[in-house]
Amino acid sequence: MIITSPDLYFVTNGEVSIGTLSADASDVTWSISGSEIQIVDSVMSFIEATDSTVKNVYNEMLTATKDAEIVHLNITINIV
């Protein structure tokens, strides 16, 4: 399995939406290392609106799981 989502994202300050996740397999279960980000139905978003004066870069580990296979991808989310 390969994660086909990008490893770099840009989010406008004050927004919550980050992007839709994808892999070369179906029925993937997604998780992320950060507690400020959620993934629902393959859509990654911040739990609260971003504030670049508090934090402007998020470095997280994205994990895709299908059956016994686990794949990780380090991602960076920049608040612009």
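**Exercise 1. Find the residue in S5 that is the bridge partner of Gly19, then work out the sheet around that pair.**

Start with the pair itself: Gly19 has Met44 of S5 as its bridge partner. This is a predicted model, so treat everything below as a reading of a prediction.

Next, zoom out to the strands. S2 is joined to strand S5, residues 43-46, by 3 bridges, and the two run antiparallel.

Now look at what S5 does with S4. These two also pair in the antiparallel sense, over 4 bridges. One pair to check by eye is Gln38, whose bridge partner in S5 is Ser45.

Put the pieces together and you get an open sheet of 3 strands, ordered S2-S5-S4, with antiparallel pairing. The edges are strand S2 (17-20) and strand S4 (37-40), each of which pairs on one side only. From one strand to the next, the twist averages 20 degrees.

**Exercise 2. Work out the strand order of the open sheet of 4 strands, and say which strands stand at its edges.**

Begin with S6 and S7, which run antiparallel and are joined by 10 bridges. To see one of the contacts, go to Asn59: its bridge partner in S7 is Thr76.

Then check S3 against S6. They pair in the antiparallel sense over 4 bridges, and Ser31 stands opposite Thr63 in S6.

The full order reads S1-S7-S6-S3, and the pairing across this open sheet is mixed. S1 and S3 have a single partner strand each, so they are the edges and one side of each lacks a neighbour in the sheet. Here the twist from one strand to the next averages 30 degrees.

**Exercise 3. Which residues touch the most other members of the largest nonpolar core, and which element gives this core its largest share?**

A bit of background first: in soluble globular proteins, nonpolar side chains tend to be buried together.

In this model the largest nonpolar core has 20 residues, and those touching the most other members are Ile18, Trp30, Met44, Phe46 and Ile77. Two or more residues come from each of strand S1 (8-11), strand S3 (29-32), S5, strand S6 (57-66) and strand S7 (69-79). S7 gives the largest share, 4 residues.

Take Ile18 as a worked case. It's found in strand S2. Its relative accessibility is 11%, so Ile18 counts as buried, the cut-off being under 20%. If you'd like a distance to check in the viewer, the C-alpha atoms of Ile18 and Ser5 are 11 Å apart, with their positions 13 residues apart along the chain.

**Exercise 4. Locate Asp27, Asp41 and Asp67, and say what sign phi has in each.**

The general rule comes first: most residues other than glycine have a negative phi.

Asp27 sits in the loop between S2 and S3. Its phi is positive, near 55 degrees. Is Asp27 buried or exposed? Its relative accessible area is 67%, and the cut-off is over 50%, so Asp27 is exposed.

Asp41 lies in the turn of the hairpin formed by S4 and S5, which has 2 residues between the strands. Phi of Asp41 is positive too, at about 50 degrees.

Asp67 is in the loop between S6 and S7. Those strands form a hairpin with 2 residues between them, where Asp67 takes a positive phi near 55 degrees. Asp67 has 73% relative accessibility, so it counts as exposed.

**Exercise 5. How much space lies in the largest pocket, and how does its lining divide into nonpolar, polar and charged residues?**

The idea behind the search is simple: rolling a probe the size of a water molecule over the atoms shows where empty space is left.

For the largest pocket, the space comes to about 150 Å³. Select the lining in your viewer: Glu36, Phe46, Ile47, Glu48, Ala49, Thr50, Asp51, Val54, Lys55 and Tyr58.

Now sort them. The lining splits into 5 nonpolar, 1 polar and 4 charged residues.

One last cross-check: Phe46 lines this pocket, and Phe46 is also among the residues that touch the most other members of the largest nonpolar core.

Conventions:
Residues numbered from 1 in each chain as written. Predicted model: local features only at pLDDT ≥ 70, side-chain atom pairs only at ≥ 80, totals over all residues. Heavy atoms only, no water. Pairing = 2+ DSSP bridges. Axes fitted to C-alpha atoms, helices over the stretch in contact; angles between N-to-C directions. 1 Å grid on protein atoms, 1.4 Å probe; cavity = no way out; pocket = protein on both sides within 12 Å on 5 of 7 lines; lining within 4 Å. Points joined across faces, edges and corners; volume = space filled by probe spheres on them. Nonpolar A, V, L, I, M, F, W, Y, C, P; charged D, E, K, R; others polar. Core = buried A, V, L, I, M, F, W, Y, C linked by side-chain atoms within 4.5 Å. Buried < 20%, exposed > 50% of the residue type's maximum accessible area, 1.4 Å probe, protein only.
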